[in-house]
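Please look through the structure shown below before reading on. The report starts at the surface, then turns to one helix and to the nonpolar core.

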Amino acid sequence: IGAVSIYTLWDPNLHFASVWDKIFFSVFHSISAFNNAGFSLFTNGLYENGVSNSAILHLSIAGLIFMGGLSFYALRDLFSPEILRERLRYPWKNLRLSTRINLFSAVALIVFGGLLFFLLEQNNVLAGEKFIPKAITSVFHSISARTAGFNTVDIGALRTPTLILLVFLMFIGGSSGSTAGGIKTSTFTIIMLSAYSTIRGKQTLQIGKNTISNDLLNRAFSVFVFSSSFVLMACFFLTITEPDTNIMQLVFEAVSAFGTVGYSTGITAGLSDLGKAIIMLSMFVGRIGPLTLAFALSVKVKTTGYHYPSTHLMVG
């Protein structure tokens, strides 16, 4: 479906060597978008003459990115014929909690990121465009930043606040069980709701009519701590290996690598060998997951059948 959609939306002035070449480009970009890879066969990616201004094409690619980053479990819950028939028979049956979290958090991040991108860049990289193309470009980059890495504007020309926004989106990434990277939307949602529950004085974390176990909550915090710590270390070492490079560009590069996004402000080719090695390691850790790596390298305790007396520490 994605390939057919892309095939019909190529700009008529875009030159292809043959019909088969056009078909191949369509299939390639469809797979690249759904799998959040961000690879393109054009020299400048989607920031190519004849492609960068095709707003409807961008929506089609953004839709593929969104579906690929939603998780296979959520897609089955939303579109499986068997589940749809069951939901028609029993209208009181709701979507799974994980599907609702993935769906609502993804939409919220898209709206939040798209709105801020629009406001921050309307007089910069979006200057001269009409309202609708501006809005589509903003939404596209809000979706793509959460690990696909396609760009239709010059990333190096973005303002510093916009780069910080993209760093935030890249770090969160897509949903668990999807083709996306990052710490995942479910992790981010659990952490934010846990903080909100703590402020309200709740003893347990509840989402809807479900209670989130302490084990799951601890895993979410562990993913966040390991991920943020690794990114900070990567940034620290990059400032040593690349002393003449702007710190914001290095942070952007490190988070982009960790989130397996592929965005760059244009400094990747100029990094030293050690700098490139750090970026490679960040991509590797980001792809397999920091918590998976931590479990693989740690030594499990022999028994957990005991506990010490509770104590109190001042926090904050």
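On the surface of this predicted model, the residues V19, W20, I23, V27 and I31 form a nonpolar patch, and together they have about 500 Å² of accessible area. One of them, I31, lies in helix α2, which covers residues 19-34. Because the relative accessibility of I31 is 48%, and exposed would require over 50%, I31 counts as partly exposed.

Helix α12 can be described in more detail, beginning with its dimensions.

| Property of helix α12 | Value |
|---|---|
| Reach from first C-alpha to last | 23 Å |
| Expected reach at 1.5 Å a residue | 22 Å |

This helix spans residues 273-288, 16 residues in total, and its reach is close to the expected one. Which residues of α12 are buried? They are G275, I278, I279, S282, V285 and G286. These buried residues cover an arc of only 130° around the axis, and therefore they lie on the same side of α12. The face turned away from that buried side carries D273 and M280, which are exposed. After α12 comes G289, a residue whose phi is positive, near 100°.

The interior can be approached through the largest nonpolar core, which has 36 residues, and in which L158, L166, M170, F252, F258 and Y263 have the most contacts inside the core. The elements that give two or more residues to this core are α6 (97-121), α8 (160-172), α10 (214-241), α11 (247-258) and α12. Among these elements, α8 provides the largest share of the core, with 8 residues.

Notes
Residues are numbered from 1 along each chain as its sequence is written. This is a predicted model: local features need pLDDT of at least 70, side-chain atom pairs count only at pLDDT 80 or more; totals for chains, interfaces and linings use all residues. Side-chain values use heavy atoms; hydrogens and water are left out. Patches are made of residues with over 30% relative accessible area and no salt bridge: like charges are joined within 9 Å, nonpolar side chains (Val, Leu, Ile, Met, Phe, Trp, Tyr) within 5 Å. Accessible areas come from the Shrake-Rupley method with a 1.4 Å probe; for residues, only the protein chains shown count as cover. A salt bridge is a side-chain nitrogen of Lys or Arg within 4 Å of a carboxyl oxygen of Asp or Glu. Helices (H or I, at least four residues) and strands (E, at least two) are DSSP runs, numbered from the N terminus. Buried means under 20% relative accessible area, exposed over 50%, partly exposed in between (1.4 Å probe, protein chains only). The expected span of a helix is 1.5 Å times one less than its number of residues. The arc is that of the directions from the helix axis to the C-beta atoms. A nonpolar core is a set of buried Ala, Val, Leu, Ile, Met, Phe, Trp, Tyr and Cys residues joined through side-chain atoms within 4.5 Å.
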